[in-house]
Amino acid sequence: MGTYVYGIMRASHPPLRQDLDGIGDPPGPVRVLREGELAAIVSDAPGELRPKRRDLLAHQRVLDEAGAAGVVLPMRFGSVSPDDGTTTAVLAERAEGLLERLRALDGTVEYNIKANHDEEAVLRLIMADRDDIRSLAEENRATGGGTQEQKVRLGEMVAAAVQEREAADALMLQQALEPLAEAVDAGPQSTGWLANLSCLVNRDAAERFLAAVDALGQEHPHLVLRVNGPLPPYSFVDAPSSRQQAEGGTAEAFGTASG
């Protein structure tokens with residue numbers, strides 16, 4: 001059956017709710033495996049594991065519950081160990097690195113900031129800033145819309161200006177948020193977002209961080225900002241140290257079920 005691993009915490013972490021259920025249908029009860037100074041949050045792995053919404057939400061719920069009481073190193077969805085004994089053996093083998101990451105992330109949470117452009121607002125900015133684009137647009141309007149060649153040229157110029165503005169705004173956001181966070185990780189851009197920033201924030205500074213994000217949105221109304229968090233520090237589990245890279249990242253400490 002295997003042992004499904006949600007996350008790793010200190011053995012001294014406050015107890016989890018006894019009625020906390022995890023993934024599976026029916027949901028499996030969550031339990032804690034302790035090894036020395038460490039503990040793994042686990043449940044029995046279901047026979048078939050696929051990223052269904054129900055199980056994704058259950059994985060997140062378990063980590064939110066545990067993370068509310070102290071630092072937890074979250075595992076990716078689908079992290080399955082062959083059995084309980086293998087799970088505790090991994091804790092023992094990687095104790096030094098895991099404890100180091102727990103200390104480094106103590107008192108922190110993750111906020112994810114995604115940014116997009118309000119299309120009409122950014123077009124107004126481009127028209128105001130770019131004399132060449134504004135002149136060509138006015139010329140086309142004066143001649144009934146312009147020739148096909150002029151229309152294509154205008155469209156290409158606008159598209160290039162939008163891309164330049166996206167890159168500039170993504171850099172501006174990252175530079176604005178870096179002083180407010182312990183670390184900022186620029187993740188892969190998903191469709192429709194010009195920036196996808198994961199920010200490691202001290203819990204005590206969370207209100208100040210969120211207020212700053214809100215102020216950025218007001219200062220730059222052409223930006224649409226979406227904030228998700230507080231989250232377990234998914235993007236900051238692995239340290240960039242050569243030792244940890246040699247051993248394999250924390251997030252890959254346990255195998256991933258193929259489904």
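This report walks through the helices of one protein chain, how they pack, and two unusual peptide bonds.

## The chain as a whole

Keep in mind from the start that this is a predicted model. The chain has 259 residues, and 43% of them are buried. Its secondary structure adds up to eight helices and 10 strands. Take the contacts between residues at least 6 apart in sequence: 76% of these join residues at least 24 apart.

## Two helices with a buried side

Let's begin with helix H2, which runs over residues 84-93. Which of its residues are buried? They are Thr-87, Thr-88, Val-90 and Leu-91. These residues cover an arc of only 150° around the axis, so they sit on the same side of H2. What do they pack against? Their partners are four strands, E1 (3-10), E2 (31-35), E3 (38-44) and E5 (79-81), together with helix H3 (95-105). Have a look at the start of H2 as well, where a side-chain oxygen of Asp-83 comes to within 3.2 Å of the backbone nitrogen of Gly-85.

Helix H4, residues 119-129, can be read in a similar way, with Ala-121, Val-122 and Ile-126 as buried residues. Why do they line one face of the helix? Viewed down the axis of H4, the buried residues fall within an arc of 140°, and therefore they share one face. Turn to the face pointing away from that buried side and you will find Glu-120, Arg-124 and Ala-128, which are exposed. The buried residues of H4 are covered by elements including strand E6 (108-117), helix H5 (131-142) and helix H6. The N-terminal end of H4 has a cap, too: Asp-118 places a side-chain oxygen 3.3 Å from the backbone nitrogen of Glu-120.

## Helices packed in pairs

Helix H6 (residues 148-177) takes part in a pairing with helix H7 (residues 206-219), and H6 also packs with H5. Here are the two pairs:

| Pair | Axis distance | Angle | Handedness of crossing |
|---|---|---|---|
| H5 and H6 | 10 Å | about 150° | left-handed |
| H6 and H7 | within 11 Å | roughly 150° | right-handed |

What does an angle like that tell you about direction? For the first pair, H5 and H6 pack at about 150°, which means that H5 is roughly antiparallel to H6. For the second pair, the axes of H6 and H7 cross at roughly 150°, so H6 is roughly antiparallel to H7.

It also helps to see which residues touch. Between H5 and H6, the H5 side brings Asp-132, Ile-133, Leu-136, Ala-137, Glu-139 and Asn-140. The H6 residues they meet are Gln-150, Lys-151, Arg-153, Leu-154, Met-157, Val-158 and Ala-161. Between H6 and H7, Met-172, Leu-173, Ala-176 and Leu-177 of H6 meet Phe-209, Val-213 and Leu-216 of H7.

## Two cis peptide bonds

Finally, follow the backbone itself. Where can you find a cis peptide bond? One joins Asp-25 and Pro-26, with omega about 5°. Pro-26 belongs to the loop between strands E1 and E2. Another cis bond runs from Gly-229 to Pro-230, with omega near 5°. Pro-230 is part of strand E9, which covers residues 223-231.

Note on methods:
Residues numbered from 1 in each chain as written. Predicted model: local features only at pLDDT ≥ 70, side-chain atom pairs only at ≥ 80, totals over all residues. Heavy atoms only, no water. Buried < 20%, exposed > 50% of the residue type's maximum accessible area, 1.4 Å probe, protein only. Helix = DSSP H or I, 4+ residues; strand = E, 2+ residues; numbered from the N terminus. Arc of directions from axis to C-beta. Contact = heavy atoms within 4.5 Å. Polar contact = N/O pair within 3.5 Å; in protein donor to acceptor, adjacent residues only side chain to side chain. Axes fitted to C-alpha atoms, helices over the stretch in contact; angles between N-to-C directions. Parallel < 35°, antiparallel > 145°, perpendicular 65-115°, else oblique. Left-handed = near helix turned anticlockwise from the far one by under 90°.
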